[in-house]
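Visitor: I should like to go through this model step by step. Please begin with its overall make-up and then turn to a single residue.

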Amino acid sequence: GIASIASSLAFTVGPNLAINIGNYYKYSYIFYVATLCALGAGIIVCFIPYEYQNIKKDKLQIKIRDLVEKRAVIYAIIICISSAVCGVSNSFVTIYGNDFAVKDIGWYFTVGSIFAVISKYVSGKISDKFGYLSAVIPEIILTIVSLIILGNITNKYALFMFIIATILLNLGTAGLDPVLQAKVLSSVSDKRKGAAAS
């Protein structure tokens, strides 16, 4: 959950920063900044303490069935669809906003990220208390409603509709990943957790 929340916070900063760099400098600079961020992450990783354990390992044999946990596939498909929906809508929202004279739409990502953090926290609590379907089904419904709103934006109410759409989209999609990941990991043996998570 904490890792997922960190990811949401990155979506608060990243798109705004990219839009501003693109507007005030060159768009190619966005990739230079992204490269510096990746390099910084790589350097930080080098300082994470790691205790090496000399464990006797069997001869390495890689088989497809060892890489894929069958019980995780259905959840992976749902996460994939959810991520694709969010990715597509986020990729084109800047261009789409221009059609309705909504400028500097970086706030769309900031507002969305705030509600993504809320969603990850609340959906985890709901899932723990009432079962994962109690969190997943409302999240899918919220996602569908948000896409209907995005597809029907009008000039008169464009700003309001973008705000409602990003709130619903992030409430819907952000909580799915951690809830479904937790469901997958709790449904497999310890030896299969790595395959299930990946």
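Visitor: How many helices and how many strands does the chain have?
Guide: This is a predicted model. Read along the sequence, the chain follows the pattern α-α-α-α-α-α-α-α-α. The count is therefore nine helices and zero strands.

Visitor: What percentage of the residues of the chain count as buried?
Guide: The C-alpha trace spans about 65 × 40 × 30 Å along its principal axes. A residue counts as buried when its relative accessible area is under 20%. Of the 198 residues of the chain, the share that meets this cut-off is 30%.

Visitor: What percentage of the exposed area of the chain do carbon and sulfur atoms supply?
Guide: The chain exposes about 13300 Å². Of this area, carbon and sulfur atoms supply 69%.

Visitor: How far apart do the centres of the positive and negative side chains lie?
Guide: The chain has 17 positive and 10 negative side chains. Each set has its own centre, and the distance between the two centres is 5 Å.

Visitor: Is Thr-173 buried or exposed?
Guide: Thr-173 lies in helix H7, which covers residues 158-173. Its relative accessibility is 6%, and the cut-off for burial is under 20%. Because of that value, Thr-173 counts as buried.

Visitor: Which residues does Thr-173 touch, not counting those up to four places away in sequence?
Guide: A contact requires heavy atoms within 4.5 Å. With residues up to four places away in sequence left out, the partners of Thr-173 are Ser-82, Cys-86 and Thr-143.

Notes: Residues are numbered from 1 along each chain as its sequence is written. This is a predicted model: local features need pLDDT of at least 70, side-chain atom pairs count only at pLDDT 80 or more; totals for chains, interfaces and linings use all residues. Side-chain values use heavy atoms; hydrogens and water are left out. Helices (H or I, at least four residues) and strands (E, at least two) are DSSP runs, numbered from the N terminus. Buried means under 20% relative accessible area, exposed over 50%, partly exposed in between (1.4 Å probe, protein chains only). Accessible areas come from the Shrake-Rupley method with a 1.4 Å probe; for residues, only the protein chains shown count as cover. Lys and Arg count as positive and Asp and Glu as negative; His and the chain ends are not counted. The place of a charge is taken as NZ of Lys, CZ of Arg, CG of Asp or CD of Glu.
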